[in-house]
Amino acid sequence: MLLPALFATAHTIELQPIPQAGGAPAVVGGGLTQGFTKPPKRQHSITVSIPTRADGIKLPPISGPKDPARPLIVIDPGHGGHDPGAVNTAKGYSEKDITLALAKALRDRLTKDGRLRVALTRDDDRYLVLQERSDIARRMGADLFISLHADAAESDAAHGATIYTLSETASDREAARLAARENKADILNGINLGEQSGSVSSILIDLSQRESMAHSTDFAKLLYREAAPYVRFRPTYHRFASLVVLKSPDTPSVLFEAGYITSATDAAKLGSAAGRDKIAQGVAKAIEVYFAKQMARN
Ligand code: ZN
């Protein structure tokens, strides 16, 4: 197995056994608690490889026409590598595999007629820090960034697709919960891999970001309108959340939760090539209309 290049640097992390008061775990309210009073007796040292920061990451190849004037869409298959995302254990599905397969289906749809250029942030099973994903789009000068995901819920009754765009204030509790879950991809064993001098959390919404956000919202509306014949959406199909992967100040960006991996009907669609192609067809239509409208405006 080849390790991706970004796993090149090894860092040593000191692990300490969890000190437990009195040498045995105390049982409180049916659960285990851990004491923090006693100093650790032993120290274990292990070496793990964690990704280095994004700046030098190699940009992916572009599919489609060579003409740099053609719109460039960067598709981001969510999760990957050690981060499977949501899983459906009964079916053996992982979000990371579904998003990658869906991204490839969408790329094939979009490049079919030779008018649009497409790049994937990853085209294999590798892990990327959230900010690397939007950085790739920015550095490539993408005209649109779409991060693909699949949702999960405790109940298998929850189904349907949702489009998320950036807002520092979540539109509802569910959007806040989703942001917490998706943003957590950067946290491996308590180490925040995406942390960068506080600039992500305190990002300023400047004028260019406002414009990008307006474009993102336009695209979200189009995505619903054009993809609805192909994709089953949730009643509240457009939500706002503070998602790290959408925080590019100058690239219109959406996060598309293509359906619930935990729903039997959605999983059947997401898990089959024909089902994914149908979703890709709807999303591709929306992208084509979005750029046709932009060209008509200019
Ligand atoms: Zn996800």
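Select Tyr290 to begin: in this predicted model, Tyr290 is buried, with a relative accessible area of 4%. Keep Tyr290 on screen and add Phe291, whose ring centre lies 5.0 Å from that of Tyr290 with the planes at 80°, so the pair is edge-to-face. Neither residue is on show at the surface, for both Tyr290 and Phe291 are buried.

Now add Phe219, which forms an aromatic pair with Tyr290; the two rings are 5.3 Å apart centre to centre, with 75° between the planes, and the arrangement is edge-to-face. Phe219 is found in helix 4 (residues 207–227) and Tyr290 in helix 6 (residues 273–297), so this pair ties together parts that are 71 residues apart in sequence. Phe219 is itself buried, and its relative accessible area is 0%. How many aromatic pairs does a search of the whole structure find? The search finds 6. For another place with aromatic rings, select Tyr224, Phe233, Tyr237 and Phe256, which ring pairs link into a cluster.

**The zinc ion**

Next, select the zinc ion and display the side chains around it. Which protein residues act as its donors? They are His79 through NE2, Glu95 through OE, His149 through ND1, and Glu182, which is listed with OE twice, and these donors lie 2.1 to 2.3 Å from the ion. If you follow the donor residues along the sequence, their spacing reads H-x15-E-x53-H-x32-E. Glu95 belongs to helix 1 and Glu182 to helix 3, so the pair ties together parts that are 87 residues apart in sequence. When you look at accessibility, you will find that Glu95 and Glu182 are buried.

**Along helix 1**

From Glu95, extend the selection to the whole of helix 1 (residues 95–111). This helix has 17 residues, and the distance from its first C-alpha to its last is 24 Å, close to the 24 Å expected at 1.5 Å a residue. Colour its buried residues, among them Glu95, Ile98, Thr99, Leu102, Ala103, Leu106 and Leu110. To read such a pattern, it helps to know that an α-helix has 3.6 residues a turn, so residues three or four places apart point the same way.

**Salt bridges**

Stay in helix 1 and select Arg109, which forms a salt bridge with Asp277, the closest N and O atoms being 2.8 Å apart. Asp277 lies in helix 6 and Arg109 in helix 1, so the contact ties together parts that are 168 residues apart in sequence. Are these two residues buried or partly exposed? Asp277, at 28% relative accessibility, counts as partly exposed, and Arg109 is also partly exposed, with a relative accessible area of 22%. As general background, side chains of opposite charge can pair when their charged atoms come close.

Move on to Asp124 and Arg126, whose side chains meet in a salt bridge with 2.8 Å from N to O. Asp124 is partly exposed at a relative accessible area of 29%, and Arg126 counts as partly exposed at 26%.

Then select Arg181 together with Asp151, where the side chains meet in a salt bridge with 2.7 Å from N to O. This pair links distant parts of the chain, with Arg181 in helix 3 (residues 173–183) and Asp151 in strand 9 (residues 144–151), 30 residues apart. The two partners have contrasting surroundings, since Arg181 is partly exposed, with a relative accessible area of 37%, whereas Asp151 is buried, with a relative accessible area of 3%.

For a group of charged residues, select Asp172, Glu174, Arg234 and Arg239, which are linked in a network of salt bridges. In the whole structure, the count comes to 14 salt bridges.

**The sheet**

Return to strand 9 and show the sheet as a ribbon. What is the order of the strands in this open sheet? The sheet has 6 strands in the order 8-5-9-14-10-13, with mixed pairing. Strand 8 (117–120) and strand 13 (233–241) are the edge strands, each of which pairs on one side only. From one strand to the next, the twist averages 20°.

To finish, zoom in on strand 5 (residues 72–77), which runs parallel to strand 9 and is joined to it by 5 bridges. Select Ile75 here, and you will see that Ile75 stands opposite Ile146 in strand 9.

Notes:
Residues numbered from 1 in each chain as written. Predicted model: local features only at pLDDT ≥ 70, side-chain atom pairs only at ≥ 80, totals over all residues. Heavy atoms only, no water. Phe/Tyr/Trp six-rings, centres within 6.5 Å; stacked < 30°, edge-to-face > 60°. Helix = DSSP H or I, 4+ residues; strand = E, 2+ residues; numbered from the N terminus. Buried < 20%, exposed > 50% of the residue type's maximum accessible area, 1.4 Å probe, protein only. Salt bridge = Lys/Arg side-chain N within 4 Å of Asp/Glu carboxyl O. Donors = N, O, S within 2.8 Å, 3.2 Å for Na, K, Ca; no water. Expected span 1.5 Å × (residues − 1). Pairing = 2+ DSSP bridges. Axes fitted to C-alpha atoms, helices over the stretch in contact; angles between N-to-C directions.
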